[in-house]
Amino acid sequence: MIIPILSYGHTHFKLDCRDMNLVAIVAEAENLRKKVMEATNYSRENFVLEDSNGRPALTLLWSSEKDGTLSCWSVRTGLYIGAFKPEAWDEDNRDKLLNTLDEWCDKANQGMARCSECGQWVNAYKKYSYTGSVCLKCYNPKKHLPPDSSG
Ligand SMILES: [Zn+2]
């Protein structure tokens with residue numbers, strides 16, 4: 001079976017982001033996802049964003065067409081990195097956010113994790129839940145629990 005990967009080229013993504021707000025990008029991405037699904041008969045919810053060297057870097061997931069929140073995971077580690085709200089994606093902020101995404105791509109491909117408490121990128125971290133990670137300073141064994149397997 002051929003499993004399609006919805007890959008978003010680095011340059012292409014940046015050009016789209018210059019011209020469109022996040023809700024429009026999400027709508028277009030969703031449109032593309034449906035077309036790929038029809039053509040391949042395979043359901044795929046995630047996009048992969050490449051870094052500037054064309055290597056897969058971030059798994060992107062839009063929460064919904066209307067909401068438009070963009071959540072990111074590291075392709076390399078599978079760990080959750082963070083999310084962008086559509087209202088943060090206004091034109092004044094866009095360049096800054098795109099630089100942030102560039103940074104996330106590079107750090108993720110270095111195998112680093114972004115602490116979900118303090119936001120620092122670290123090499124040493126503790127995993128919790130399914131895809132969460134925290135730095136060693138923020139780690140709290142009472143709060144950062146492994147995935148609940150009780151059912
Ligand atoms: Zn931390």
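Of the 151 residues of the chain, 20% count as buried. The model is predicted. The chain has three helices and nine strands. Helix α3 and the sheet it lies across are the main topics below.

**Overall build**
- Along the sequence, the elements follow the pattern β-α-α-β-β-β-β-α-β-β-β-β.
- A compact globule with 151 residues would have a radius of gyration near 15 Å; the chain has 16 Å, so the two agree.
- The C-alpha trace spans about 45 × 40 × 30 Å along its principal axes.
- Take the contacts between residues at least 6 apart in sequence: 45% of them join residues at least 24 apart.

**The five-strand sheet**
- Five strands make up an open sheet. Their order is β1-β2-β3-β4-β5, and the pairing is mixed.
- β1 (6–8) and β5 are the edge strands, since each pairs on one side only.
- On average, neighbouring strands of this sheet are turned by 30° against each other, direction ignored.
- In general, strands of a sheet pair through backbone hydrogen bonds, either parallel or antiparallel.
- β4 and β5 run antiparallel, and four bridges join them.
- W73 stands opposite Y80, a residue of β5.

**Helix α3: length and ending**
- Helix α3 covers residues 91–109, which is 19 residues.
- At 1.5 Å a residue, α3 should span 27 Å; its end C-alpha atoms are 27 Å apart, so the expected span is met.
- Just after α3, G111 takes a positive phi of about 80°.

**Helix α3: two faces**
- The buried residues in α3 are L101, W104, C105 and A108.
- Seen down the axis of α3, these buried residues fall within an arc of 100°, so they line one face of the helix.
- The face turned away from the buried side carries exposed residues: D92, D95, K96, N99 and E103.

**Helix against sheet**
- α3 lies across four strands, β2, β3, β4 and β5.
- Against β3, the helix runs at about 125°.
- What covers the buried residues of α3 includes β2 (47–50), β3 (56–62), β4 (70–74) and β5 (80–84).
- Edge strand β5 thus appears in two settings: β5 is joined to β4 by four bridges, and β5 is among the elements covering the buried residues of α3.

Note on methods: Residues numbered from 1 in each chain as written. Predicted model: local features only at pLDDT ≥ 70, side-chain atom pairs only at ≥ 80, totals over all residues. Rg over C-alpha atoms; globule rule 2.2 N^0.38 Å. Buried ≥ 20, exposed ≤ 12 C-beta atoms within 10 Å, placed from the backbone. Contact = placed C-beta atoms within 7 Å. Expected span 1.5 Å × (residues − 1). Arc of directions from axis to C-beta. Pairing = 2+ DSSP bridges. Axes fitted to C-alpha atoms, helices over the stretch in contact; angles between N-to-C directions.
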